[in-house]
Amino acid sequence: MLGSALLAVVLAAVATPGAAVAAEEPTGRIASLGTDWGQTGPYEVNVDIGVVHTFYHPRDMGRSGERHPVVIWGNGTGAVPGIYSSLLRHWASQGFIVAAANTPTSNFAVSMRAGIDVLEKWNADSGSPFHGKVDLEHIGSAGHSQGGAAAVNAAIDPRVDTAVPIQPGPIADPDLMDEPVFYLAGQRDLTVWPALVKALHRDSDHVPAVYGEVRSAGHLSSIGDGGDFRAPTTAWLRFWLMGDERARGAFFGPGCGYCPADDLWSGWHRNAEALRIPGPSA
C-alpha cells in the first residue's frame, strides 16, 4: 500500500489543474463534455478541509439549477487526500462533489460513508451553501490501494450506486455489494499485483464489472492527477452518476470505445453482466 514516507515528496509534486469558466446547460443538467474525459471540466473548484473530510466541489454549485452527484474517496495506506488532489479537483471540475475521507486507514470505509451523512445534513440545511444542490440519488465510491478496497466496502451502503476501486487492496468482499464496478490495475504494480485485482473482478460476476489494466503503470502511477487512470475513471463516473450517454459508449455496447484501446490497456475484460448493458442509443 502507499506508505506515509512518500507524503512529503508526493505533495510537493501534486499540480493543480487550471480552472475553467463554469458553463452548464440551461436545463440544469450537467453538460456532456464530449469524449475527452481527461480534460478539465467547466467548473471552478473550491476545496474545504475539515477534521474528518476534505470536500472538493464546484465553486458555483447549482448555477443552472443542477444538483451535483457525489463521489466518496478513500486514500491509500498512510496517505491523505492531498496526495490525490489534482485527480479529486478534476472530478470536481466535472461537476461532482467529492467527499474525501482524511483517514490514512480507510479500509473499512467508515469515514467514507460518513461523508454521505455530512452531505445529507448540509443539503437539508437552508443556511448551507450545499443546500438543495447535492444529488444524493447518485453516489459513487472510489479510492486507491487500501482505499480501493474501501471503495468496494463502501458500496455495501445502499446509498452508493457504483464503485471505482483503483489498484485495490485485498481486504474486501465483492459478494456483499450489488453495484456496477470498474476495477483498475497497473501492469507493473508490484504492491497490488494485477492478479489480485483480477480475482476481485472474477468474484464480482453477479454485477456488471469491468477490468482495466493500465499499460506500464506502477502502484504510484494513479496519484497526483491520476495519470492514465484519470480519463477512464471520469468517464465511468459520468455515465453511472450523470447519465452521460457518450460515457456509456466508452464501456458498453459493440462499439465500446475503450475496448480496443491497446495503447492504454495491457488487459481488459467485461464480464457477462457488463455485456448485457446496451450501448448508447445514438
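## Close-up views of a predicted model

**View 1. Strands β1 and β2 pair in this predicted model.** Strand β1 covers residues 45-49. Five bridges join β1 to β2, and the two strands run antiparallel. How many residues make up the hairpin that joins β1 to β2? The hairpin passes through three residues. Look next at one facing pair: Asn46 stands opposite His57 of β2.

**View 2. His53 sits in strand β2.** The strand spans residues 53-58. Is His53 buried or exposed? Its relative accessible area is 5%, so His53 is buried, the cut-off being under 20%. The side chain of His53 reaches a backbone atom, the nitrogen of Gly115, at 3.2 Å. Neighbours within four places in sequence are left aside in the contacts that follow. On that basis, His53 is in contact with Asp48, Ala100, Ala101 and Asn102. Its contacts also include Ser111, Ala114, Gly115 and Val118. Gly115 is thus named twice here, as a contact of His53 and as the residue whose backbone nitrogen the His53 side chain reaches.

**View 3. Arg59 lies in the loop between β2 and β3.** Strand β3 covers residues 68-74. Arg59 has 46% relative accessibility, so it counts as partly exposed. Which backbone oxygen does the side chain of Arg59 reach? That oxygen belongs to Val45, and the separation is 3.1 Å. Arg59 is in contact with Glu44, Val45 and Asn46, leaving aside neighbours within four places in sequence. Asn46 is also the residue that stands opposite His57 in the first view. Now compare chain and space for another pair. Arg59 and Val47 are 12 residues apart along the chain, and their C-alpha atoms are separated by 8.7 Å.

**View 4. Gln167 is found in the loop between β6 and β7.** Strand β6 covers residues 162-166, and β7 covers residues 181-186. Is Gln167 buried or exposed? Gln167 counts as buried because its relative accessibility is 0%. Its side chain reaches the backbone oxygen of Gly218 at 2.9 Å. Residues up to four places away in sequence are not counted among the contacts of Gln167. The residues it touches include His144, Ser145, Leu184, Ala185, Gly186 and Asp189. Also among them are Val192, Gly218, His219, Ser222 and Phe229. Leu184 is 17 residues from Gln167 in sequence, yet the two are 5.6 Å apart in space, C-alpha to C-alpha.

**View 5. Helices α2 and α6 cross.** Two packed helices are described by the angle and the distance between their axes. Helix α2 covers residues 85-93, and helix α6 covers residues 230-242. Their axes come within 11 Å and cross at roughly 35 degrees. The crossing is right-handed. Which residues make the contact? From α2 come Ser86, Leu87, His90 and Trp91. From α6 come Arg230, Thr233, Thr234 and Leu237. By class, the contact has three nonpolar, four polar and one charged residues.

**View 6. The whole protein chain sets the scene for the close-ups above.** The chain has eight helices and nine strands. Of its 282 residues, 56% are buried. His53 and Gln167 are both buried. Consider next the contacts with a separation of 6 or more. Residues 24 or more positions apart account for 68% of these contacts.

Note on methods:
Residues are numbered from 1 along each chain as its sequence is written. This is a predicted model: local features need pLDDT of at least 70, side-chain atom pairs count only at pLDDT 80 or more; totals for chains, interfaces and linings use all residues. Side-chain values use heavy atoms; hydrogens and water are left out. Helices (H or I, at least four residues) and strands (E, at least two) are DSSP runs, numbered from the N terminus. Buried means under 20% relative accessible area, exposed over 50%, partly exposed in between (1.4 Å probe, protein chains only). A polar contact is a pair of N or O atoms within 3.5 Å; within protein, one must be able to donate a hydrogen and the other to accept it, and residues adjacent in sequence count only if both atoms are side-chain atoms. Contact means heavy atoms within 4.5 Å. Two strands pair if DSSP finds at least two bridges between them. Axes are lines fitted to C-alpha atoms, for helices over the stretch in contact, and angles run from 0 to 180 degrees between N-to-C directions. A crossing is left-handed if the near helix is turned anticlockwise from the far one by less than a right angle, and right-handed if clockwise. Ala, Val, Leu, Ile, Met, Phe, Trp, Tyr, Cys and Pro count as nonpolar, Asp, Glu, Lys and Arg as charged, and the others, Gly among them, as polar.
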